[in-house]
Amino acid sequence: MLHLFKKRTFSEYIGDTFAFFKENGKHFFKHYFIINGGLLLLLLVLSYFIFKVYFEVLFSSIGTNAPNFLEDYFNNNIALIIGVFLFFLIVILFVSLVNYAFPIIYLQLYEKHKGCNFETVDLIKAMKAKIGKIILFFLALVGLSLTAGLLLMAIVFALFFVIIGIPLAIIGIPALMAWVQLSFYEYLNEDMGILEAYGRGFDKLKQQFWPIVGSTLIMYMIIQTIATVFIAIPYIIGVIDMVTNIENQQTDADAFSFFSIMMVIVMCISILVSYILNNIMIINGGIIYYSLRDQNENITTLSDIDQIGTPSE
């Protein structure tokens, strides 16, 4: 089995992430879809109908004589739109909460059982035991995102107008992602408060800043590349169909009808793929977390010492 507690270099952060999925991917995603499949399906159904209505309204306004068609539509259905949006937001937050916590809980049990010797019921039991901490962490994360996060984004955006802004964004975004991941691992694995977890996460980030940021950036680029491939296919099909209809002098409704359907499919695929591939990013954060713990606590060395003199089976 792949050992989580192991001192690693930059290349090993990436290599061991893929080695983990090569060795345990079938078991991981089997239980992932058992636990999260229903939630993802609910989110996709909601997304389909919401985006379907949105694109139908958007494209139906093309060619009309009403200059404020969209504005009138939203004003006449404001209560329904707000209600659906709030429900959709709640579902997204809950699905995100479960999806983000799952890989961390999985690695906890993986280390505890020294491999994949656990079942769905063990994962659900462990997640229920941590649900309070998971919710508190997300609430704190939302609070930080709405305060310090927006401020940092504004600074980075302002710096984009000068040359220094681009490299700062390339470094800063994966650094923030790694910091949050390391802090979440600390918070769920140790008995500590949220602020202390963020402090320890930041200390670990500083410990190997460039290898951690580089690994996170590369994993992010890989995930975005894979997601783009899945999204591009239906998008290109929709564009080709729309252009063909226009060239054949079809009506605006005919030209945009199929395109709107493909755009709905694109949005749904984008949501599904982003949630699934996000597991790779979080597992990579776990590989980094356990490696840094081994480096700081010498867990592997102490384990080897404890086994000296123990008869082999």
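This report describes the fold, the confidence, one pocket and several individual residues of a predicted protein model.

**Basis of the model**

Residues are numbered from 1 along each chain as its sequence is written, and side-chain values use heavy atoms, with hydrogens and water left out. Because the model is predicted, local features need a pLDDT of at least 70 and side-chain atom pairs count only at pLDDT 80 or more, while totals for chains, interfaces and linings use all residues.

**Overall fold and confidence**

The protein chain contains nine helices and zero strands, where helices (H or I, at least four residues) and strands (E, at least two) are DSSP runs numbered from the N terminus. Along the sequence the pattern is accordingly written α-α-α-α-α-α-α-α-α. The chain has 313 residues, and 39% of them count as buried; buried means under 20% relative accessible area, exposed means over 50%, and partly exposed lies in between (1.4 Å probe, protein chains only). The exposed area of the protein chain is about 17,400 Å², with 71% of it supplied by carbon and sulfur atoms; such areas come from the Shrake-Rupley method with a 1.4 Å probe, and for residues only the protein chains shown count as cover.

Contact here means heavy atoms within 4.5 Å. Among the contacts in the protein chain with a separation of 6 or more, 77% are accounted for by residues 24 or more positions apart.

The mean pLDDT of the protein chain is 83, and 79% of the residues score at least 70; pLDDT is the predictor's confidence in each residue, on a scale from 0 to 100. Among the elements, helix H6 (residues 194-207) has the highest mean pLDDT, 92, and helix H9 (residues 299-306) the lowest, 62. Where pLDDT is low, the predicted coordinates should not be read in detail.

**The second largest pocket**

The second largest pocket holds about 360 Å³ of space and is lined by 13 residues, of which Ile50, Val53, Phe74, Ile81 and Val84 lie nearest its centre. Helix H1 (10-60), helix H2 (69-76) and helix H3 (78-112) are the elements that give two or more residues to this lining. By class, the lining has 12 nonpolar residues, one polar residue and no charged residues; Ala, Val, Leu, Ile, Met, Phe, Trp, Tyr, Cys and Pro count as nonpolar, Asp, Glu, Lys and Arg as charged, and the others, Gly among them, as polar.

A pocket is found on a 1 Å grid over the protein atoms alone, as an open set of points where a 1.4 Å probe fits, with protein on both sides within 12 Å along at least five of seven lines, and lining residues have an atom within 4 Å of a point. Grid points are joined across faces, edges and corners, and the volume is the space filled by probe spheres set on the points.

**Asparagines of helix H1**

Asn24 is found in helix H1 and is buried, with a relative accessible area of 4%. Not counting residues up to four places away in sequence, Asn24 touches Tyr106, Tyr110 and Cys116. Asn36 also has its place in helix H1 and is buried, at a relative accessible area of 0%. Leaving aside neighbours within four places in sequence, Asn36 is in contact with Val98, Asn99 and Phe102.

**Residues distant in sequence**

The table lists C-alpha separations for pairs that lie far along the chain from one another.

| Pair | Separation in sequence | C-alpha distance |
|---|---|---|
| Ser260 and Lys52 | 208 residues | 7.4 Å |
| Lys52 and Ile265 | 213 residues | 9.1 Å |
| Val53 and Val264 | 211 residues | 9.4 Å |
| Thr9 and Ser291 | 282 residues | 9.1 Å |

Lys52 has its place in helix H1 and is partly exposed, with a relative accessible area of 30%, whereas Ser260, which lies in helix H8, is buried at 10%. Val53, found in helix H1, is partly exposed at 39%. Thr9 belongs to the segment before H1 and is partly exposed, with a relative accessible area of 45%.

**Backbone angles in two loops**

Most residues other than glycine have a negative phi. Lys114, in the loop between H3 and helix H4 (120-159), has a positive phi near 55 degrees. Asn298, in the loop between helix H8 (252-297) and H9, has a positive phi near 50 degrees, and at 36% relative accessibility Asn298 counts as partly exposed.
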